[in-house]
Amino acid sequence: MKITITVENPTPEALEKLLALAAMPAAVVTAEPDDCWTPKRARSYYDRLPPRAQQILLQVVYGEGECAAEELKANGRSLRGSTGAFRRVLSEGKRTGLWPDALPVPLVSHIVGGQLKKLEMPGRGTGQYALTAFEDGLRDLRTGG
């Protein structure tokens, strides 16, 4: 038997009570907030990105959550059209039910004076910061596994 319950913004006490109710013999209960990246979601997202967007995402992850545009453009590599894939793939995954609607975009662009300055994972220092989930989900790519 599988039961799925979605609770938006539960308090720790409410979540504890809900999980206590679900604790049945031999039951496996997991809770994944709808608005947080998990390693599994991060890997699934990465696998759906086009190759250049995958490279950019890895550079941001390896850069501890941010990467300067100039570094992303090194060796003459263009960013044109690549950054739009981040929102497009997320939207497609939400539309098909792969990811929850509340899942935030994992990368944002910082534009100053009409110029892209850097890409970063938003939410540093909050529960919405996705870096750890992406580091865990993409760990085998770093080690060549």
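# Strands, core and salt bridges in a predicted model

User: What joins β1 to strand β3, and how do you know that they count as paired?

Analyst: Three bridges join β1 to β3 (residues 115–120), and the two run antiparallel. Two strands pair if DSSP finds at least two bridges between them, so three bridges are enough for β1 and β3. One place to look is Ala68, which stands opposite Lys118 of β3. The model is predicted: local features need pLDDT of at least 70, side-chain atom pairs count only at pLDDT 80 or more, and totals for chains, interfaces and linings use all residues. Residues are numbered from 1 along each chain as its sequence is written, and side-chain values use heavy atoms, with hydrogens and water left out.

User: How do you know which residues belong to a strand or a helix?

Analyst: Both are DSSP runs, numbered from the N terminus: helices are H or I with at least four residues, strands are E with at least two. Helix α3, for example, covers residues 51–62, and Tyr62 has its place in that helix.

User: What makes β1 and β2 the edge strands?

Analyst: The open sheet has three strands in the order β1-β3-β2, with antiparallel pairing. β1 (66–68) and β2 (108–112) are called edge strands, as each pairs on one side only. Five bridges join β2 to β3, and Ser109 has Leu119 of β3 as its bridge partner. β2 and β3 also form a hairpin with two residues between them, where Gly113 in the turn has a positive phi of about 60°.

User: At what angle does helix α3 run to β1?

Analyst: Helix α3 lies across β1 and β3 and runs at about 110° to β1. Axes here are lines fitted to C-alpha atoms, for helices over the stretch in contact, and angles run from 0 to 180 degrees between N-to-C directions.

User: Why is the pair of Trp37 and Tyr45 called edge-to-face?

Analyst: Rings of Phe, Tyr and Trp (its six-membered ring) pair if their centres lie within 6.5 Å; planes under 30 degrees apart count as stacked, over 60 as edge-to-face and the rest as tilted. Trp37 and Tyr45 are 5.1 Å apart centre to centre, with 65° between the planes, so they form a pair and the pair is edge-to-face. Five aromatic pairs are counted by this rule. Trp37 and Tyr45 also belong to one aromatic cluster with Trp99 and Phe134.

User: Are Trp37 and Tyr45 buried or exposed, and why?

Analyst: Buried means under 20% relative accessible area, exposed over 50%, and partly exposed in between (1.4 Å probe, protein chains only). Trp37 has 9% and is therefore buried; Tyr45, at 0%, is buried as well. In helix α3, Gln54 counts as buried because its value is 17%, whereas Tyr62 is partly exposed at 35%.

User: What makes a set of residues a nonpolar core, and how many residues has the largest one?

Analyst: A nonpolar core is a set of buried Ala, Val, Leu, Ile, Met, Phe, Trp, Tyr and Cys residues joined through side-chain atoms within 4.5 Å. The largest one has 31 residues, and Leu57 and Phe86 are among those with the most contacts inside it. Helix α3 gives the most to this core, with six residues.

User: Which residues does Leu57 touch?

Analyst: Contact means heavy atoms within 4.5 Å. Not counting residues up to four places away in sequence, Leu57 touches Tyr45, Tyr46, Leu49, Phe86, Leu107, Met121, Phe134 and Leu138. With the same kind of exclusion, Tyr62 is in contact with Leu141 and Arg142.

User: How do you know that Lys118 and Glu66 form a salt bridge?

Analyst: A salt bridge is a side-chain nitrogen of Lys or Arg within 4 Å of a carboxyl oxygen of Asp or Glu. The closest N and O atoms of Lys118 and Glu66 are 3.5 Å apart, so the pair qualifies. Lys118 in strand β3 and Glu66 in strand β1 are 52 residues apart, and the pair links distant parts of the chain. Both belong to a network of salt bridges with Glu120 and Arg124.

User: What is the N to O distance between Glu70 and Lys73, and why is Glu70 called exposed?

Analyst: Their side chains meet in a salt bridge at 3.8 Å. Glu70 has a relative accessibility of 60% and therefore counts as exposed, while Lys73, at 30%, is partly exposed. The structure holds eight salt bridges.
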